[in-house]
Amino acid sequence: MIKLLSHLSYVAVTSPDVEASVDFYVTQVGLSVVDRIDGAVYLRCWGDYYAYSLVVIPGTEPSLATMAWRTSSPEALEEAARLLEAEGVDGEWFDGPSIGRAYRFVGPWGHSMTLHWDVVRHQALPAEASIYPDRPEKRSKVAGAPRQLDHVTIATSSVDDFAAWYNRVLGFRIMAKTILDEAPISVFSVLTTNEKSHDLGVVLDGSTRAGRINHYAFWVDTREELLIAADVLMENGIPIEYGPSIHGIGEQNFLYYREPSTLRIELNTGGYRNYVPDWEPNTWKPSLGSNNFYRNSAMPMSMTESFPAADGPSATEEGVPDEIKDALFNPYAKHGQG
């Protein structure tokens with residue numbers, strides 16, 4: 001099979017108060033508004049090469065509207081659509097803003113995905129042009145502003161089955177996964193379309209609501225910028241949900257916080273590049289530091305909240321056995337590290 005997908009190009013999310021979310025992205029995160037179409041607002045990071053990388057759409061609750069991936073060629077777009085339809089997926093062709101002819105479908109676990117080849121590349125105005133020829137525009141004046149979109153992490157009822165389906169049908173490489181120390185239950189996996197450690201994350205969802213998102217992430221160039229971003233956010237009264245720290249899986253430095261809709265945003269940097277075509281994914285356990293490699297703090301239970309809100313039991317609600325909660329949220333205590 002030819003290589004179908006190249007990279008994550010944009011994420012579209014819904015917000016009950018679009019203007020509040022957009023104001024946050026502009027003033028606190030450092031994104032720029034590039035367009036408004038039918039109530040949707042299109043934004044970009046200063047280092048994004050295309051017209052936009054985030055779309056905020058009106059909605060009754062925070063959710064994932066779609067995650068978009070650029071294919072590796074026009075032929076790859078046609079082949080991806082053919083393969084999806086051979087799987088019984090009912091997709092649709094449409095013309096999207098600045099992406100032209102695109103194919104949108106809903107996967108087996110309820111997540112909308114958009115595939116496209118055509119793009120409009122960002123052209124900076126003369127006053128915004130960078131002295132670096134390869135940069136699409138000058139660096140943002142907002143301290144700690146992200147350079148570009150990095151990845152999206154969704155929630156699903158079966159981590160392994162989700163990863164296997166997207167690997168088989170669309171060619172996502174499975175890079176690693178986490179199982180609990182106490183039982184062979186897969187709670188997290190990472191996949192990629194390129195040499196990054198991941199551009200698609202998968203977390204276990206105990207709810208009965210399909211198509212949920214846990215977070216999406218922006219990228220900064222250095223750990224120092226991530227720490228500055230944390231400092232600026234806190235100075236402006238924006239709580240840090242988790243971090244700064246470093247993931248064992250992927251080796252990225254991370255920081256999590258929320259935007260006004262309550263949707264979770266991650267800021268990350270670092271990590272490895274992996275070019276091995278026949279990579280064999282490793283299996284991690286929480287006690288090894290898969291989520292926090294320093295193993296000096298427990299992940300807050302709030303991190304299992306995904307969006308929109310669950311309509312059934314989830315890991316943040318009653319009904320989860322205490323031993324599973326301990327394994328997820330304080331995995332080091334039983335191993336002499338907590």
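How many of the five residues of strand 3 are buried? In this predicted model, five of the five are, so strand 3 is largely enclosed by the rest of the structure. The burial concerns both faces of the strand, since Ala40, Tyr42 and Arg44 are buried on one side and Val41 and Leu43 are buried on the other.

## Overall architecture

The protein contains five helices and 17 strands. Its radius of gyration is 19 Å, close to the 20 Å that the globule rule gives for 338 residues, so the protein is as compact as a globular protein of that length. The C-alpha trace spans about 60 × 50 × 40 Å along the principal axes, and 53% of the 338 residues count as buried. Among the contacts with a separation of 6 or more, 68% are accounted for by residues 24 or more positions apart.

## The eight-stranded sheet

Strand 3 belongs to an open sheet of eight strands, arranged in the order 2-3-4-1-5-8-7-6 and with mixed pairing. Strand 2 (32-37) and strand 6 (92-96) are the edge strands, each of them pairing on one side only. From one strand to the next, the twist averages 25 degrees.

Strands of a sheet pair through backbone hydrogen bonds, in either the parallel or the antiparallel sense. Strand 2 and strand 3 (residues 40-44) run antiparallel and are joined by five bridges. Within this pairing, Ser32 has Arg44 as its bridge partner in strand 3, while Val33 has Leu43. The two strands form a hairpin with two residues between them, and Asp38 in the turn has a positive phi of about 50 degrees. Strand 3 also pairs with strand 4 in the antiparallel sense, over three bridges, and there Val41 stands opposite Val56 of strand 4.

Two helices can be placed against these strands. Helix 1 lies across strand 1 (5-15), strand 2, strand 3 and strand 4 (54-58), and runs at about 160 degrees to strand 4. Helix 2 (residues 74-86) packs on the sheet as well, touching strand 5 (63-71), strand 6, strand 7 (100-106) and strand 8 (112-116), and its direction makes about 25 degrees with that of strand 7.

## Aromatic rings and charges over rings

A pair of aromatic rings is described by the distance of the centres and the angle of the planes. The count of aromatic pairs in this model comes to 16, and two of the pairs are set out here.

| Ring pair | Distance between centres | Angle between planes | Arrangement |
|---|---|---|---|
| Phe24 and Tyr257 | 6.2 Å | 45 degrees | tilted |
| Tyr103 and Phe105 | 6.4 Å | 35 degrees | tilted |

The pair of Phe24 and Tyr257 links distant parts of the chain, with Phe24 in helix 1 (residues 18-29) and Tyr257 in strand 15 (residues 252-258), 233 residues apart. Both Phe24 and Tyr257 are buried. As for the other pair in the table, Tyr103 is buried with a relative accessible area of 0%, and Phe105 is buried with a relative accessible area of 1%.

Elsewhere, one aromatic cluster is formed by Trp69, Trp109, Phe162, Trp165, Tyr166 and Phe172. Charged groups also lie over aromatic rings: the charged end of Arg135 sits over the ring of Tyr132, 3.9 Å from the ring centre, and the charged end of Arg273 sits over the ring of Trp219, 5.6 Å from the ring centre.

## The surroundings of Ala217

Ala217 is found in strand 13 (residues 212-219). Is Ala217 buried or exposed? Its relative accessibility is 0%, and a residue counts as buried under 20%, so Ala217 counts as buried. Leaving aside residues up to four places away in sequence, Ala217 touches Leu149, Asp150, His151, Glu266 and Asn268. Ala217 and Asn282, by comparison, are 65 residues apart in sequence and 23 Å apart in space, C-alpha to C-alpha.

Conventions
Residues numbered from 1 in each chain as written. Predicted model: local features only at pLDDT ≥ 70, side-chain atom pairs only at ≥ 80, totals over all residues. Heavy atoms only, no water. Phe/Tyr/Trp six-rings, centres within 6.5 Å; stacked < 30°, edge-to-face > 60°. Helix = DSSP H or I, 4+ residues; strand = E, 2+ residues; numbered from the N terminus. Buried < 20%, exposed > 50% of the residue type's maximum accessible area, 1.4 Å probe, protein only. Lys NZ or Arg CZ within 6 Å of the ring centre and 35° of its normal. Pairing = 2+ DSSP bridges. Axes fitted to C-alpha atoms, helices over the stretch in contact; angles between N-to-C directions. Contact = heavy atoms within 4.5 Å. Rg over C-alpha atoms; globule rule 2.2 N^0.38 Å.
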